[in-house]
Amino acid sequence: MNERFGNKIAIITGAAGGIGKAVALRLGQEGATVALFDFNQILLQQTLTEFEQQHIKAKGYQVDISNEEQVENSVSQVKKEFGRIDILINSAGIVGPTSTKITEYATVEFDKLYEVNLKGSFLITKYVLQEMKQLGMGRLLLISSVSGKEGNPGMVGYSASKAGVIGLVKGVAKEFADTKITVNGLAPAVIKTPMNDNTSKEQLDYMTAKIPMKRLGTVEEVAAMCCFIVSDENSFSTGFIYDISGGRATY
Ligand SMILES: NC(=O)c1ccc[n+]([C@@H]2O[C@H](COP(=O)([O-])OP(=O)(O)OC[C@H]3O[C@@H](n4cnc5c(N)ncnc54)[C@H](O)[C@@H]3O)[C@@H](O)[C@H]2O)c1
């Protein structure tokens, strides 16, 4: 592997598992120092041990992305320890109820989706940008979902929170467009990760049937695209929602 991210300091949230872990691994393999944010301490420790065996420069931070104090403190700790923050990839997220019409959808579940997926995206973006704006350069990537563009029936909380992430990306990107900081999003269709382990077969079949390639994406495919999006060479693109959907997305 070359050193595309040599000397870069990257925060990856939701980095203990799934997409976040795969992205952190690829960034680390290409030279980045990775700050892994996740609220699952056990999984985080396992991931750090794996990364250590692969000689990845990594440090773990137990953070609940929906908790403002924890996000603020952890971001400033990364800045103190490593001197700067070059890259953020926000991958922490939850799926919530599936196969559940809005009439049966518990409001408390909707609140949870908002807290983690949308407010969490807002908080990590806010505090990373407070540090990054001093440098005047950097790359932010927030993971949304194709369901935020198209809406998945039976997953109203998830779809609405991910649509909110798209609005966040587009608004914030324009606030920083006259700097060397870019803010983009990614809208994957179904990717094979632990997030789908408890999704009902009916819901999963519905989502897979909508993908013209007729298969799930892999975390390695997502990691490859994320790494391009946050690379230095991707310099004339901001406020855009990239697609990785096997042909599902039509706009
Ligand atoms: N897997 C898919 O099919 C798919 C499709 C589209 C979008 N996405 C999005 O991609 C992102 C990653 O999903 P994934 O499939 O890797 O999920 P995953 O469940 O495999 O991993 C998510 C990680 O985030 C962590 N996390 C959850 N809530 C957190 C919180 N409040 N604070 C800190 N960490 C938290 C979990 O501990 C876990 O390690 C999510 O935002 C998800 O919505 C996934």
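The following exchange goes through the fold, the ligand shell, the core and some single residues of a predicted model.

Colleague: What cut-offs apply to this predicted model, and how are residues numbered?
Modeller: Local features need pLDDT of at least 70, side-chain atom pairs count only at pLDDT 80 or more, and totals for chains, interfaces and linings use all residues of the predicted model. Residues are numbered from 1 along each chain as its sequence is written.

Colleague: How many helices and strands does the protein chain have?
Modeller: Helices (H or I, at least four residues) and strands (E, at least two) are taken as DSSP runs, numbered from the N terminus. On that basis the protein chain comes to eight helices and seven strands.

Colleague: Why does the protein chain count as compact as a globular protein of its length?
Modeller: The globule rule is 2.2 Å times the number of residues to the power 0.38, and the radius of gyration is taken over C-alpha atoms. For 251 residues the rule gives 18 Å, and the protein chain is close to that, so it is as compact as a globular protein of that length, with a radius of gyration of 17 Å.

Colleague: What share of the contacts in the protein chain with a separation of 6 or more comes from residues 24 or more positions apart?
Modeller: A contact requires C-beta atoms, placed from the backbone, to lie within 7 Å. Among contacts with a separation of 6 or more, residues 24 or more positions apart account for 73%.

Colleague: Which residues come nearest to the ligand?
Modeller: A residue is near the ligand if its C-beta atom, placed from the backbone, lies within 6 Å of it. There are 30 residues around the ligand, and those that come nearest are G14, G18, G93, T193 and M195.

Colleague: Which element gives the most residues to the shell around the ligand?
Modeller: Two elements give two or more residues to this shell, α1 (18–29) and α4 (107–135). The one that gives the most, with three residues, is α1.

Colleague: How many residues of the shell around the ligand are charged?
Modeller: Ala, Val, Leu, Ile, Met, Phe, Trp, Tyr, Cys and Pro count as nonpolar, Asp, Glu, Lys and Arg as charged, and the others, Gly among them, as polar. The shell has 15 nonpolar and 13 polar residues, and the charged ones number two.

Colleague: Is α1 largely enclosed or open?
Modeller: A residue is buried if 20 or more other C-beta atoms lie within 10 Å of its own, exposed if 12 or fewer, and partly exposed in between, with C-beta atoms placed from the backbone. The buried residues of α1 include G18, K21 and R26. Since 11 of its 12 residues are buried, α1 is largely enclosed.

Colleague: What distance separates the end C-alpha atoms of α1?
Modeller: The expected span of a helix is 1.5 Å times one less than its number of residues. For the 12 residues of α1 this gives 16 Å, which agrees with the distance in the model, 17 Å.

Colleague: Which element gives the most to the largest nonpolar core?
Modeller: A nonpolar core is a set of buried Ala, Val, Leu, Ile, Met, Phe, Trp, Tyr and Cys residues joined through C-beta atoms within 7 Å. The largest has 69 residues, with A10, I12, V34, L36 and V128 making the most contacts inside it. The element that gives the most, with nine residues, is α4.

Colleague: Where does K214 lie, given its positive phi?
Modeller: Most residues other than glycine have a negative phi. K214 is not a glycine, yet its phi is about 55°. K214 has 10 C-beta neighbours inside 10 Å and counts as exposed. Its place is the loop between α7 (201–209) and α8 (219–229).

Colleague: Is S99 buried or partly exposed?
Modeller: S99 lies in the loop between β4 and α4, and its phi is positive, near 50°. With 15 other C-beta atoms within 10 Å, S99 is partly exposed.

Colleague: How far apart are the C-alpha atoms of G17 and M195?
Modeller: G17 is in the loop between β1 (9–13) and α1. Leaving aside neighbours within four places in sequence, G17 is in contact with L43 and P194. G17 and M195 are 178 residues apart along the chain, and their C-alpha atoms are separated by 9.2 Å.

Colleague: Is R248 buried or exposed?
Modeller: R248 is in the segment after β7 (241–244). Its contacts beyond four places in sequence include V146, A189 and P212. With 21 other C-beta atoms within 10 Å, R248 is buried.

Methods
Contact = placed C-beta atoms within 7 Å.
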